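Trainee: Please give me a close look at a single part of this entry, one chain, with the terms spelled out as you go.

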Amino acid sequence: MKKFLESRFLRLLVLVLGIFATSDLALAQTHYILTNDDLAYPFLTGVGFFTVGTNGLPVFKQQVHTGTFGIGGGYFGMNRLAVLDSGTQQCVFASEALNGFIAGIDVSTLTVGGTTTGSSTDSGTANGIGLVMNGSYLYASFSSSNTIGTFAVQPGCSLTFIGDTSVIGLQAGIINGMAIHGSMLVTSYTDGSIESFNISGGTPVSNGDEQISTATVNSADATYVNAIDITKDGHYAIFGDTSTALSVEVSDISSGKLARTTVYKSTASINSSNIILSPDETILYVVNTQGATVSALFFNKSTGKLSAGCTSGPLAGLSQNWSYLAGITLMSQTGNGGGVYVAEFGTVSGIATVPLSLSGQKCSLQEATGSPTIDPNTPGVLSIGSFPPRSF
Amino acid sequence: MRGMSRWLLAMAVCGFPFLKPAAQDCPARPNSGTVVADPFSISSQNGAITAQFTLGHSVDSAGYTHYCYKYRAPTQVVEAPTLRVNPGDVINLNVVDQIVADNSMKMDMAPPPGPPCGDGGAATINSTNVHFHGMNVPPVCHQDDVINTLIQPGSPGFQFNVHVPTTQPPGLYWYHPHVHGFTEFQVNGGAAGAIVVNGMEKVRPEVAGLTERVFVIRQQYLVPWIPGPYQLTLNYQTSFLAQFPVIDMKPGEKQFWRVANATLQDFLELQVQVNGVAVPLEMIALDGYPLAQTRNQNTILVPPAGRAEFIVQAPTSGSAIFVTNAYSTGPTGNADLATTLATIKTTNTAASSHMPESAPPTADGVKFLNFALQPATTQRKLYFSEEFGGTNGPIQFYITVDGQKQKVFEPNEQPVITTKVGAIEDWTIENRALETHAFHIHQIHFRVLEVDGKPAPNTDLRDTIEIPFWEGKGPYHSVKLRMDFSDPTTAGTFLFHCHILLHEDLGMMHKILVTP
């Protein structure tokens, strides 16, 4: 009997724990692909949540209305989504550029926790509002006012505005890409300038290293930095360039300041405005914004050097459905990422699925059968993201 | 370029001060749904045209900014008259800039690099000059120089003395402002008119005795650099709802139409449709140059700045429509929409207007006639390319000589191509952008040798040609063009560029130097 009871108790315990574990696990492991729908007035915008089908393709789940309006376009390198997975809360923050709102969505309930604005002069109506965050602060780059707003993260996926920092490129450029690592925030400007800030106190303070990137200097302004990523150890900042070629730059930031960038250039495709490092930092994925392709470059995280990898064929639907490739996110948050999801901006916006195949030092990227997945709610997808996010 | 981006941004941020109410300087434009009149013509007398144009500026009740070349005709002030000349004539044109400077608009471009021609100073939205598009005249001050010529508001004016060559092909040309950075504004406002070099009937007798019509198709945006709704106008007449401009023809009548594409960026795919079916058009000339043989086409593609001259036959009864079809300029190009340009009504009372008597042909023949038979002395490759940092920019537009650095045009740049009088060159021009471009070179015509690497079906002489967008896969579209610099009057520095005017203003343009 005792044995039976023990056995029943243990079974029950296992069952209860199992249910708990399963539900918790299920919640934690729900993999969402996210879109900032950026719908312009008079259409209320929102964030699209897609689950991942068994074939790896995104499957539309629902759109969470954020109650405001986007602008239907803007800079490629600005990520209009920031994802928080802190253990205490799971949130997706989305910028809504027409009104300057930043909305926080609770991932567990897919409801809006709060919307916040910056100062009365903060504005991103021209080309959008970019977002990056750590566990404590969210930074918003406002493209019209050329300011970085600092917001403290609050419970319930809400934010509190702390203050503004005015910024400008050395040739009067507008803030574009941002990336964050530890106490460093790195920014790019539309004139080819790059700059880093110390954010240990919350509000960004320039590190005094603003400079024109090497590619911009070498090309006499014919190339300029756009999106940014930073290695897990904070040793290197990587910049995707707007260019008529594939152009990527790497800066050593281990000193706490930006060093002069090294340029990696290839004629494999056109424009490289968006980039993302794989979780294991062996692959740098590049969106060839105007080349209609995606490239994968091999990255050596010890040396910061890039080497040639592979480029996909043209993704389906150019011209008929979409005009530009834009944001990028990983198919998997482990290993080499397994490939990428890419935002397609156009009259019929969607998400392309481009898996990576790797064999030694040879790779291939090929758009998945059935790709792209049409986003039913917007023609303006520029920014996409993943929940849970990459760990760095 | 970067400055230009800032300037555009500042404009976007600060608003559009030029949209503020302006003095109503320009003549009233025709009402929608009325019969289309030809532009007023000024014909040369005793080998010369002597006229004064005054550039004015208005904003109409719908908010469209007008720029107008005003000419005082005997009974009224008219807008952008047609200049009719014979080969060998001189156009003595005095141009006065009467735009009232708007001090809220202080943006400007650097002064021209060379010795000033005209008033000098910085180029602003209120400065002007004139390009005689397609005319094979020297690129020098007082003729067809647009690099150094500036006319400023309030100055006494500037005198052009354009010597039309005796070998100038008979056909349709046009004139328009060409101040770097600001061309789009004034052309968007309508500052453009036709030039007819007489004598087409001597070369293409098919047109002798026909009623001649001159149609200038313009395009107006509310704000020219922002993609959005636009209007196409036919001799300044817009369509409003179903009220289209009306072209009167006698039933079954043949007319000789001379059509200039004076739009900012619209690739016109022209058709005349009867009961919804395109009817054959008898092509006579392209870009002012008579075709070697006429040919029938149902559709005529005319890129921005191009001209087409053709014979149209009216239906024997009922009506027809003159349309431009929708034309895809590529994923990053602006949409060119299908538009009804006019309704063609048949009536026995339609007016006739024959071409004026032209001067006897000269013994010099027609320029460029046989140069394609000569071997090319030089081969060059150029390409169009673009880069976008976002959907709204920043955007860079390049035309690059292969092997050189990509750069946008700067007024003080050195020529990217140097050649010499006597050179015959083959230029292959690729389009590596996701947008169709229109290549134009000043001072000369070129012969189209190849399209996409294959012999061109029609080796026409042109001064502007479309190169379709890249589809994202396969080879780039290209044209191979034969350039003739054999005429000593081509000596000097002049321009080649994309004739989508926003692209030109943003630097998709460079200089060529032809040494004597």
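Mentor: What follows is an account of chain A, ending with its contact with chain B.

Residues are numbered from 1 along each chain as its sequence is written, and chains are lettered from A, and ligands numbered from 1, in the order in which they are written. This is a predicted model, in which local features need a pLDDT of at least 70 and side-chain atom pairs count only at pLDDT 80 or more, while totals for chains, interfaces and linings use all residues.

The mean pLDDT (the predictor's confidence in each residue, from 0 to 100) of chain A is 92, and 93% of its residues reach 70 or more. Over residues 1–6 of chain A, however, pLDDT stays under 50, and the model has 0 contacts there beyond four places in sequence, a contact being two residues whose C-beta atoms, placed from the backbone, lie within 7 Å. Residues 12–27 of chain A also have a pLDDT below 50, with 1 contact in the model beyond near neighbours in sequence. Where pLDDT is low, the predicted coordinates should not be read in detail.

Chain A has 2 helices and 30 strands; these are DSSP runs numbered from the N terminus, helices being H or I of at least four residues and strands E of at least two. Along its principal axes the C-alpha trace of chain A spans about 85 × 50 × 45 Å. The radius of gyration, taken over C-alpha atoms, is set against a globule rule of 2.2 Å times the number of residues to the power 0.38; for the 392 residues of chain A a compact globule would be near 21 Å, and chain A has 21 Å, which agrees. Of these 392 residues, 58% count as buried, meaning that 20 or more other C-beta atoms lie within 10 Å of the residue's own, with C-beta atoms placed from the backbone, whereas 12 or fewer would make it exposed and a count in between partly exposed. Among contacts in chain A with a separation of 6 or more, 54% join residues 24 or more positions apart.

Turning to chain B, the contact takes 32 residues from chain A and 25 residues from chain B. On the chain B side, the elements giving two or more residues are helix H1 (2–14), strand S25 (378–388) and strand S26 (395–401), and H1(B) provides the largest share, 4 residues.
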